[in-house]
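Q: Could you walk me through this one before I go back to the bench? I'd like the overall fold and then a few residues.

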Amino acid sequence: MNTDFALLLTGMRDDFVAELPEHCDLLEECVLALERGAAGAFDELFRRVHSLKGSGGTFGMPLVTGVCHQFESFIRAAKERFDPLAISQALSYVDLLRRV
């Protein structure tokens, strides 16, 4: 692999890791917006989780990818019933991503 390219990828991965807490904050905001019944909150949450999953895969972070994959499955299954328990579970996924 070209040294310049490897350095670029390393820098991008470092940026991703540094920005992960901000992504988690945005996911939490989406879950809370969903709890309030905000229009478009479900789609926004799913889009953000899906993007985070892809980025985790791109930068070789299987823990991020795995958690996001499970989070996506949960969101899809809970689409019709985002009750207080589902909100709590969604927030647990966000907390798990924070620990990764």
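What follows is a conversation about the structure shown above.

Q: What kind of model is this, and what should I keep in mind about the numbering and the values?

A: This is a predicted model, in which local features need pLDDT of at least 70 and side-chain atom pairs count only at pLDDT 80 or more, while totals for chains, interfaces and linings use all residues. Residues are numbered from 1 along each chain as its sequence is written, and side-chain values use heavy atoms, with hydrogens and water left out.

Q: OK, how many helices and strands does the protein have?

A: The protein has 4 helices and 0 strands, where helices (H or I, at least four residues) and strands (E, at least two) are DSSP runs numbered from the N terminus. Read along the sequence, that gives the pattern α-α-α-α.

Q: And what does the C-alpha trace span along its principal axes?

A: The C-alpha trace spans about 50 × 20 × 20 Å along those axes.

Q: How much of the protein is buried, and what area is exposed?

A: Of the 100 residues, 31% count as buried, buried being under 20% relative accessible area, exposed over 50% and partly exposed in between, with a 1.4 Å probe and protein chains only. The protein exposes about 6,100 Å², and carbon and sulfur atoms supply 56% of that area; accessible areas come from the Shrake-Rupley method with a 1.4 Å probe, and for residues only the protein chains shown count as cover.

Q: What share of the contacts comes from residues 24 or more positions apart?

A: Such residues account for 59% of the contacts with a separation of 6 or more, a contact meaning heavy atoms within 4.5 Å.

Q: Now helix packing: how do helix 1 and helix 4 cross?

A: The axes of helix 1 (residues 3–36) and helix 4 (residues 84–99) come within 9 Å and cross at roughly 175 degrees, which makes helix 1 roughly antiparallel to helix 4. The axes are lines fitted to C-alpha atoms, for helices over the stretch in contact, and angles run from 0 to 180 degrees between N-to-C directions. Angles under 35 degrees count as roughly parallel, over 145 as roughly antiparallel, 65 to 115 as roughly perpendicular and the rest as oblique.

Q: Which residues make that contact?

A: On helix 1, they include Leu-20, Cys-24, Leu-27 and Val-31, and on helix 4 they include Ile-87, Leu-91, Val-94 and Leu-97. By class, the contact has 12 nonpolar, no polar and 4 charged residues. Here Ala, Val, Leu, Ile, Met, Phe, Trp, Tyr, Cys and Pro count as nonpolar, Asp, Glu, Lys and Arg as charged, and the others, Gly among them, as polar.

Q: Cys-24 caught my eye; how many disulfides are there in the structure?

A: The structure holds 0 disulfides, a disulfide being a pair of cysteine sulfur atoms within 2.5 Å. Cys-24 is in none, and the nearest cysteine sulfur, that of Cys-68, is 8.1 Å away.

Q: Why doesn't Cys-68 bond to Cys-24?

A: Because the sulfur of Cys-68 is 8.1 Å from that of Cys-24, its closest cysteine sulfur, which is too far for a bond.

Q: Are those cysteines buried or exposed?

A: Cys-24 is buried, with a relative accessible area of 0%, and Cys-68 also counts as buried, at 0% relative accessibility.

Q: Switching to helix 2, what does Leu-52 touch?

A: Leu-52, which lies in helix 2, touches Phe-16, Leu-20, His-23, Leu-27, Val-64, Cys-68 and Leu-97, not counting residues up to four places away in sequence. Leu-52 is buried, with a relative accessible area of 3%, and its C-alpha is 7.9 Å from that of His-23, although the two are 29 residues apart in sequence.

Q: And where is Lys-53, and which residues does it touch?

A: Lys-53 is in helix 2 (residues 41–58), and it counts as buried at 19% relative accessibility. With residues up to four places away in sequence left out, Lys-53 touches Thr-65, Cys-68, His-69 and Glu-72.

Q: Is Glu-72 buried or exposed, then?

A: Glu-72, in helix 3 (residues 62–78), counts as buried at 3% relative accessibility. Leaving aside neighbours within four places in sequence, Glu-72 is in contact with Phe-46, Val-49, His-50 and Lys-53.

Q: Last one: how does Thr-58 sit, buried or exposed?

A: Thr-58, in helix 2, is exposed, with a relative accessible area of 58%.
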